[in-house]
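Thank you all for coming; I would like to take a few minutes to walk through one structure, starting at the contact between two chains and then moving inward. Please have the view open as I talk.

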Amino acid sequence: MPEKEVFGIVLFHSVSSAFRLERHLKSKNIPLKLMPVPRHLDSDCGTSLRFFWKDSDAVREGIKIVGIEVKEILKL
Amino acid sequence: MKFIYLDNSATSWPKPPEVIRAVKAFMEYPGASPSRGSHRMSVEAGRMAYECREEMADFFGLKDPLRVVFTLNATESINTALFGILNPGDHVVTTSLEHNAVMRPLNFLRDKRSVEYTVVRSSEKGEIDPDDFRKAVKKNTKMFAVNHCSNVIGSLAPVKEIGEISRERGVLFLVDSAQSAGEFRIDMRDMKIDLLAVTGHKLLYGPMGIGALLLSDRVKEKEIRPLKRGGTGSFSAEECQPSFFPDRLESGTMNAVGVAGLLAGLRWIKKTGLEEILKEARKKFSRFTESLEGMPGLKIYRSFSPQKQSGTFSVTVEGVSVSDAGYVLDENYGIQVRVGLHCSPSCHRTIGTYPEGTIRFAPGYFTGEDQIDYAVKAIKEIAGKCKNA
């Protein structure tokens with residue numbers, strides 16, 4: 001049986017930061033999706049970025065490179 | 001009748017076809033509110049707005065695209081900078097060539113908030129001695145506020161030199177780029193600009209109702225109060241304004257249609273090339289002024305140096321009121337110009353044309369040489385008729 005995909009999610013302060021990170025990660029060919037913030041994770045009505053947890057190091061590195069502050073990085 | 005638009009300093013016209021297409025395309029799709037939800041259309045709109053922040057940051061030499069704050073126009077950007085940062089007891093140094101977008105807020109702040117300011121005098125040809133800024137600095141000086149390019153005579157201020165002094169003296173540097181952005185290269189890092197007020201609808205060839213305030217790292221989030229507070233699409237559970245850029249200064253649904261047009265305008269400029277745009281502006285300025293030169297009774301108001309000159313300049317004709325000239329140019333010749341004080345009484349006092357004002361000619365990238373020749377002929381005829389009357 002194939003292993004179940006594990007996702008991670010980045011929660012942002014600003015939606016603009018989400019677009020900034022998305023642009024950077026896309027340029028590195030890291031698969032991702034912008035999606036609504038799951039209500040059980042945050043009461044914010046903003047946008048979050050979902051990624052494959054196996055890419056979490058690259059995502060953390062990307063956050064550092066683009067110089068944004070994020071609320072949280074969570075494993076789903 | 002021919003129809004000739006020579007009022008590009010008020011707003012550029014016509015716009016590049018790419019800009020018109022981008023505005024229409026955005027309204028058709030995605031057309032949703034950027035950053036107000038995570039459905040596909042909102043995300044696409046938000047992505048477009050973010051791309052515009054990146055293009056703006058790149059164009060103006062700003063490292064962080066999240067420090068590009070969208071506003072309505074340069075006036076709103078300047079108001080955000082002045083009202084957001086200045087506190088009672090602060091001092092500002094500005095020039096005698098400022099537009100009312102700077103002077104009116106400054107006078108209000110002086111009268112109602114105990115902010116003081118000093119005006120550095122320019123020569124009547126727009127020469128400003130940067131050292132006068134150094135001399136004007138006091139213990140409580142918080143900001144330099146400088147118009148990069150005069151909307152009346154097209155002269156350029158020595159922004160880079162003033163920027164150096166602002167760093168040396170620990171002062172924030174606000175630049176009004178309404179008449180320069182899109183024609184002259186502006187690099188915030190190189191020129192040491194901390195607050196760049198930009199309008200989209202003039203030389204960036206975007207639509208009206210979109211501008212930006214670009215903030216250097218020296219402007220800390222908590223040091224600038226927003227002009228407006230409200231929904232930002234972020235921190236919805238919080239009933240206080242977010243502390244981070246751009247959300248802190250961007251409340252309410254943005255003019256995303258305008259942003260789409262601005263983005264197309266920026267890309268059009270990049271494609272055309274700033275050097276090419278400036279070369280064209282100078283070529284038209286030279287053709288215009290050389291044809292008018294020596295005309296009896298005509299006085300040209302322009303910069304002290306051709307290297308410090310935009311495409312815009314002013315004239316007066318002895319014995320002809322500027323309002324009559326404006327009326328006849330439109331009515332009899334189809335020529336659109338702005339006459340009077342151009343919302344810059346301080347500048348007109350400096351060049352000696354207050355309170356009557358001037359006739360301002362502002363050709364744009366799309367102005368043809370035949371249109372300039374036609375305008376020269378019209379001015380000569382008007383002056384001749386008045387002389388003979």
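Let me begin with R47(B), which forms a salt bridge with E22(A), the closest N and O atoms being 2.5 Å apart; by salt bridge I mean a side-chain nitrogen of Lys or Arg within 4 Å of a carboxyl oxygen of Asp or Glu. This is a predicted model, in which local features need pLDDT of at least 70 and side-chain atom pairs count only at pLDDT 80 or more, while totals for chains, interfaces and linings use all residues. Residues are numbered from 1 along each chain as its sequence is written, chains are lettered from A in the order in which they are written, and side-chain values use heavy atoms, with hydrogens and water left out.

Across the interface of chain A and chain B, the rule finds four salt bridges. In terms of contact, meaning heavy atoms within 4.5 Å, 20 residues of chain A meet 22 residues of chain B.

Turning to the interior, strand β2 of chain B, residues 68-71 (strands being DSSP E runs of at least two residues, numbered from the N terminus), is covered on both faces, with V68(B) and F70(B) buried on one side and V69(B) and T71(B) buried on the other. Buried here means under 20% relative accessible area, with a 1.4 Å probe and protein chains only. F70(B) touches, among others, I210(B), M254(B) and L262(B), leaving aside residues up to four places away in sequence.

Notes
Buried means under 20% relative accessible area, exposed over 50%, partly exposed in between (1.4 Å probe, protein chains only). Helices (H or I, at least four residues) and strands (E, at least two) are DSSP runs, numbered from the N terminus.
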